[in-house]
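Student: I would like a close look at one part of this model. Please keep it brisk.

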Amino acid sequence: MATKHVVFTFNHLPYGTVYYAEGLRAAVGVTSGIDEHTVDLVYLGDGVHFAVKDLDRTDSARYLATFAKQGVKLKVEKESLAARNISAADLADDTEIISHADAVDLIKRADLTIAF
Amino acid sequence: MSNLYLIDQPFASNALAIAADDSDALVVLIQDGVYADLTPLAKQNRLPVYGVAKDIERRGLGKRLEKTVQPIGFDKLVDLIIDHKVINFA
């Protein structure tokens, strides 16, 4: 087995389902094996609502703390933010805005993609 | 190797927006993905779009399905999955 780069996409609103937390849990799992796979966390469409700074992150705080230690930021698609009238000032510190073109490129280059 | 976007409904809108900007893509709609609004693909009319025939038939979508969607059986689906890099949105 070799190290792979895995892109997790988050596509759902942050409450009402377990997608947002389960996806992060799975992503932590992917990075914790002996192969030391690497991940990108990409928020698309309604998923970008997870990135706002006032969101209650109780359910996912421990997973996010793990990624913070690894220097992994939440990549949030700029066009999805604009469509939902969310500004950069509304976002949490551990997020990073990327363009749609950047999101396409990350997904194309990934060894594996997993959607939540 | 082309990228095969395997798409089911909860992710269809975001997935099609990504696939539309991938010049080396093909799309397979699976399960409720066959209901997807294909408008995002309008700018990429060369992109092949397949739909799992059984999923189309079960939902009575045969006559209403967009003509750009080519129905395929499970044997063809398996061939496509083996021959391409799968980008999973299902």
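Student: Does A:Asn85 count as buried or exposed, and why? Take the sheet and its surroundings from there.

Tutor: First, the ground rules. This is a predicted model, in which local features need pLDDT of at least 70 and side-chain atom pairs count only at pLDDT 80 or more, while totals for chains, interfaces and linings use all residues. Residues are numbered from 1 along each chain as its sequence is written, and chains are lettered from A and ligands numbered from 1 in the order in which they are written.

A:Asn85 counts as exposed, because it has 7 C-beta neighbours inside 10 Å. The scale is this: buried means 20 or more other C-beta atoms within 10 Å of the residue's own, exposed means 12 or fewer, partly exposed is in between, and C-beta atoms are placed from the backbone. The phi of A:Asn85 is near 60°, a positive value in a residue other than glycine. A:Asn85 sits in the loop between helix H3 (78-83) and E4 of chain A. Helices (H or I, at least four residues) and strands (E, at least two) are DSSP runs, numbered from the N terminus.

A:Glu36 also has a positive phi, near 50°, and is not a glycine. Its loop runs between H1 and E2 of chain A. A:Glu36 counts as exposed because it has 10 C-beta neighbours inside 10 Å.

Now the sheet. Five strands of chain A form an open sheet in the order E4-E3-E2-E1-E5, with parallel pairing. Pairing requires at least two DSSP bridges between two strands. Strands E4 (95-98) and E5 (112-115) of chain A are at the edges with a single partner strand each, so one side of each has no neighbour in the sheet. From one strand to the next, the twist averages 30°.

Strand E3 (residues 74-77) of chain A pairs with E4(A) in the parallel sense, over four bridges. There, A:Lys75 stands opposite A:Glu96 in E4(A).

Two helices of chain A pack on this sheet. Helix H1 (residues 19-31) touches strand E1 (5-10), strand E2 (38-43) and E5 of chain A. The direction of H1 makes about 175° with that of E1(A). Helix H4 (residues 100-109) touches E1, E2, E3, E4 and E5 of chain A, and its direction makes about 145° with that of E2(A). Contact means C-beta atoms, placed from the backbone, within 7 Å. Axes are lines fitted to C-alpha atoms, for helices over the stretch in contact, and angles run from 0 to 180 degrees between N-to-C directions.
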